[in-house]
Amino acid sequence: MILGGAFSSLLSFAVPLKRGCIMNEGKYEVVAKPNCSLSKQGRLYAVLAVSVFSLMISIFFCFFGAWMVLPFTGLECLAVAAAFYYMQCHSKDYESITIQDSELTIQKRSYKTITQQSFNRYWAKVYLHDLPNGNHDLRVCSHGKEISFGSRYMDNEQRIQLAKELNQYVGLAF
């Protein structure tokens, strides 16, 4: 069963979120991911297009005696390739919250590192921490452990709405 109401309004934001599946077993899951609109092949084509275009312009200037343009074009192509490589490395990153039975699990993936923190959902507390810039940081804490969620892939409004929804499921029985 897919949740309606507040969930459907969250789905319209720019950051793609796979959300709100409550199954018969009582599982609730929220996954926040970066918006990766280019495939691996698309990123390769973009790097090649920018590099070829830059090289064509620099070769044109080289014919007129401005050969010092070539090393800077090489640096530019290298910088563009490095940026796209970084994007590729982090394209599968995510943050997820799963509530199943009496356990709340937060899992984060950044490049090749996966971290997971589990809490007893009846003891966990969800709150918004005010930041100096006026935004809010969604945090889950229990028994002296605290973890932030959604700061990388969600905007302020999404974190506020998610905190309201999570407060319905933690600290209480389903």
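Which residues of α2 are buried? In this predicted model, the buried positions of α2 are Gly42, Arg43, Val47, Ser51, Ser54 and Ser58. Their packing partner is α3, which covers residues 69-89. This pair of helices is a good place to return to once the overall layout has been set out.

The protein contains four helices and eight strands. Followed along the sequence, these elements are arranged in the pattern α-β-β-α-α-β-β-β-β-β-β-α. Of the 174 residues in the protein, 36% are buried. Among contacts with a separation of 6 or more, 47% join residues that lie 24 or more positions apart.

Helix α2 can be checked for its length. It comprises 24 residues, from 40 to 63, and at 1.5 Å a residue it should span 34 Å; the C-alpha atoms at its ends are 35 Å apart, so the expected and modelled values agree. Just after this helix comes Gly65, whose phi is positive at about 100°.

Two packed helices are described by the angle between their axes and the distance between the axes. For α2 and α3, the axes come within 9 Å and cross at roughly 170°. Angles over 145 degrees count as roughly antiparallel, and α2 and α3 are therefore roughly antiparallel to each other. On the α2 side, the contact is made by Lys40, Arg43, Ala46, Val47, Val50, Ser51, Ser54, Leu55, Ser58, Ile59, Phe61 and Cys62. On the α3 side, the contributors are Val69, Leu70, Thr73, Glu76, Cys77, Val80, Ala81, Phe84, Met87 and Gln88. Sorted by class, the contact of α2 with α3 holds 14 nonpolar, five polar and three charged residues. Several of the α2 residues named here also appear in the list of buried positions, including Arg43, Val47 and Ser51.

Attention now turns to the interior. The largest nonpolar core of the protein has 21 residues, and those with the most contacts inside it are Ile99, Leu104, Ile106, Leu138, Val140, Leu162 and Leu166. At least two core residues each come from β2 (27-32), β3 (94-100), β4 (103-110), β7 (136-142), β8 (145-149) and α4 (156-169). Helix α4 supplies the largest share of this core, with four residues.

One of the residues with the most contacts inside the core, Ile99, is found in strand β3. With a relative accessible area of 0%, Ile99 is buried. In sequence, Ile99 and Asn120 are separated by 21 residues, while in space their C-alpha atoms are 9.5 Å apart.

Two loops that link strands supplying this core also deserve a look. Asp101 sits in the loop between β3 and β4. The phi of Asp101 is near 55°, which is a positive value in a residue other than glycine. Asp101 counts as exposed because its relative accessibility is 52%, and the cut-off for exposed is over 50%. The loop between β7 and β8 holds His143. There, phi is near 50°, again a positive value in a residue other than glycine. His143 has a relative accessibility of 61%, so it too counts as exposed. Buried Ile99 in β3 can thus be set beside exposed Asp101 in the loop that follows this strand.

Notes:
Residues numbered from 1 in each chain as written. Predicted model: local features only at pLDDT ≥ 70, side-chain atom pairs only at ≥ 80, totals over all residues. Heavy atoms only, no water. Core = buried A, V, L, I, M, F, W, Y, C linked by side-chain atoms within 4.5 Å. Buried < 20%, exposed > 50% of the residue type's maximum accessible area, 1.4 Å probe, protein only. Expected span 1.5 Å × (residues − 1). Contact = heavy atoms within 4.5 Å. Axes fitted to C-alpha atoms, helices over the stretch in contact; angles between N-to-C directions. Parallel < 35°, antiparallel > 145°, perpendicular 65-115°, else oblique. Nonpolar A, V, L, I, M, F, W, Y, C, P; charged D, E, K, R; others polar.
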